[in-house]
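The following note sets out points for a colleague working through the coordinates. It takes up burial, ring pairs, charged pairs and one sheet in turn.

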Amino acid sequence: MSKSSLPAPDHAADLREALLAADFTADGLLDRLGAPAYAALARSETVPALRATRGAGPLDTLVRLFLLQRPVAEERARAALPLEVCLADGWLTRTGGADGEAEVRASVDVRPYGGPDGEDWFIVSDLGCAVGGAGGIGSREEGVVLGVGGASTTLAGITVRTPVASALDLGTGSGIQALHAAQHATRVTATDLNPRALEFTRLTLALSGAAPADLREGSLFEPVGAETFDLIVSNPPFVISPGARLTYRDGGMGGDDLCRTLVRQAGDHLNEGGYAQFLANWQHVEAEEWQDRLRSWVPYGCDAWIVQREVQDVTQYAELWLRDSGDHRSDPAEYDERYGAWLDEFEARGTTAVGFGWITLRKSAAAAAGRPSVVVEEWPHAVQQPLGQAVRQHFARQDYLRDQDDAALLAGHFVLAAEVVQEQVGLPGAEDPEHVVLRQHRGMMRATKVDAVAAGFAGVCDGSLPAGRILDAIAQLMAEDPVLLRDRTPQAIRLLVEEGFLEPAPGVETRGE
């Protein structure tokens, strides 16, 4: 089957039924292969899975066909699938075996994917391009369409999952984000510059039993004109490279201009209260703070939360993406030439490093009125996915704090967030700790150092008393001036609320003191 010819989705429901009947699901694969072989697939190592599927059962057959991309005897495939339908629609192709026995091969990669609520989904992509699949990526073909990877699952995890009327998956690829959005959006639009990607999205949705999306070809927001949405998600081709050799990853604009353009244009396509969420790369440029660079991307009328998760120097970055496309296995002189081109590009732009992270925009009336909340931070530490709810809570806290002066904070009632613990650090046997740390065990899993007053304040916050009265009691216990304590503590309260350690108590009317 040629790269331009893909399976037809006409009988995808029949194929889905056969896959489910054989337990060709994320849980079924783990049970059948065992944890070591299952984990080895994520490293593009196939030998353990081949050994685990030496039987003749339907699940063994499907793993070999669709995950390991090995030929199987036609009669063996017939026992696992509606063979004639799969051949007619193009999911499988016939080929002659070494001994003359008829065999079939998969024409596409089909990877089981577990949905957030236990759904059994299937992501369809090019052979050998299910990220972490049988062949890894290592592809230098321009129009290749990838499957599930770490970036796509990260974006799916951070996306806000409230019911919405309309969602846009911009640069849909194999349709992973569109599939997630179809569970909570009445209408899903999916776009891609690569027309083959749209066909893969159609297959992914059909084979997963999801509603079809409105598929449109084109770059950035061009396919949607002036339309607006309640949710926009995009895992764009964000790689900063010399040229646009590979459609699936290279932005085709200079430096980080594609990500900047995507973010800046998103504000015009968001409904009030809507979210736009992206993964992105950005340049660290000489004589420019990276935080300021990203603040300049935020469009008018939007709040923003930008989190830098990783930074690589230019040599690490170039090597990563040269390996991604398999250039490290090419002629050494050709590899050196490509490597040099990347470094020339970075040098010309004054780029010293490249950051990777998440960008979330939210359209708000306060931002439109000139009071935007723009938080740009670095957080390379572990987080607990999914984070969609944590993203919503972040913006809710920003809304709260935007309207609270110091007096209002002192009159407010707060509760300690769930799963926050206190750690005391100091020498063994010391009477007092050197410092106290509050640590979260969910969401962003932040840790912050606090003084004795803030630790004591957080420890007694149960929503029953206003903050000012709690501080008065602490001042009496610690023999401090209550006026001075009230004067210096609101800043600490504000920080603890902003980072999610304290939450405004629900249903408590602020009556002053």
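1. A residue is called buried when its relative accessible area is under 20%. By that cut-off Trp290, with a relative accessible area of 10%, is buried, and so is Trp282, at 0%. The model is predicted, and the values below should be read accordingly. The rings of Trp282 and Trp290 form a stacked pair, because their centres are 6.5 Å apart and their planes make an angle of 5°. Since rings pair when their centres lie within 6.5 Å, this distance stands at the stated limit of the definition.

2. The whole structure contains twelve aromatic pairs. One of them is formed by Phe24 and Phe122, which are stacked, with 6.2 Å between the ring centres and 5° between the planes. This pair links distant parts of the chain: Phe24 belongs to the loop between α1 (12-21) and α2 (26-33), whereas Phe122 belongs to strand β5 (residues 120-125), 98 residues apart. Phe24 is buried, with a relative accessible area of 0%, and Phe122 likewise counts as buried at 0%.

3. Two further points concern aromatic side chains. Tyr317, Trp321, Trp342 and Phe346 are linked into a cluster by ring pairs. Elsewhere, Trp379 has the charged end of Arg446 over its ring, 5.4 Å from the ring centre.

4. Salt bridges number 29 in a search of the whole structure. In general, side chains of opposite charge can pair when their charged atoms come close. Asp303 and Arg402 form one such bridge, with 2.9 Å between the closest N and O atoms. This pair, too, links distant parts of the chain: Asp303 is in strand β11 (residues 302-313) and Arg402 is in helix α16 (residues 388-402), 99 residues apart. Asp303 counts as buried, at 0% relative accessibility.

5. What do Arg187 and Glu227 form through their side chains? They meet in a salt bridge, at 3.9 Å from N to O. Arg187 lies in strand β7 (residues 185-192), while Glu227 lies in the loop between β8 (214-217) and β9 (229-234); the pair therefore ties together parts that are 40 residues apart in sequence. Arg187 is partly exposed, with a relative accessible area of 35%, and Glu227 is also partly exposed, at 28%. A salt bridge requires the nitrogen and the carboxyl oxygen to be within 4 Å, a condition that the 3.9 Å of Arg187 and Glu227 satisfies.

6. A salt bridge within one helix is formed by Arg338 and Glu334, at 3.6 Å from N to O. The two residues are separated by about one helical turn, because they stand four residues apart in helix α14 (residues 332-348). Arg338 is partly exposed, with a relative accessible area of 26%, and Glu334 is partly exposed at 29%. Beyond this pair, Glu74, Glu75, Arg78, Glu84 and Arg94 are joined into one network by salt bridges that share partners.

7. What is the order of the strands in the open sheet of three strands? The order is β1-β3-β2, and the pairing is antiparallel. Strands β1 (72-73) and β2 (92-96) stand at the edges with a single partner strand each, so one side of each has no neighbour in the sheet. Strand β3 (residues 102-106) runs antiparallel to β1 and is joined to it by two bridges. Within this pairing, Val72 has Val104 of β3 as its bridge partner. Helix α5 (residues 58-67) packs on the sheet and touches β1, β2 and β3, its direction making about 60° with that of β3.

8. Two threonines in loops complete the note. Thr53 lies in the loop between α4 (47-52) and α5 and is buried, with a relative accessible area of 0%. When residues up to four places away in sequence are not counted, Thr53 touches Leu33, Asp60, Val63, Arg64, Leu68 and Arg76. Thr46 is found in the loop between α3 (35-42) and α4 and is buried, with a relative accessible area of 14%. The C-alpha atoms of Thr46 and Leu67 are 9.2 Å apart in space, and the two residues are 21 residues apart in sequence.

Notes:
Residues are numbered from 1 along each chain as its sequence is written. This is a predicted model: local features need pLDDT of at least 70, side-chain atom pairs count only at pLDDT 80 or more; totals for chains, interfaces and linings use all residues. Side-chain values use heavy atoms; hydrogens and water are left out. Two strands pair if DSSP finds at least two bridges between them. Contact means heavy atoms within 4.5 Å. Axes are lines fitted to C-alpha atoms, for helices over the stretch in contact, and angles run from 0 to 180 degrees between N-to-C directions. Rings of Phe, Tyr and Trp (its six-membered ring) pair if their centres lie within 6.5 Å; planes under 30 degrees apart count as stacked, over 60 as edge-to-face and the rest as tilted. Buried means under 20% relative accessible area, exposed over 50%, partly exposed in between (1.4 Å probe, protein chains only). A charge sits over a ring if NZ of Lys or CZ of Arg is within 6 Å of the ring centre and within 35 degrees of the ring normal.
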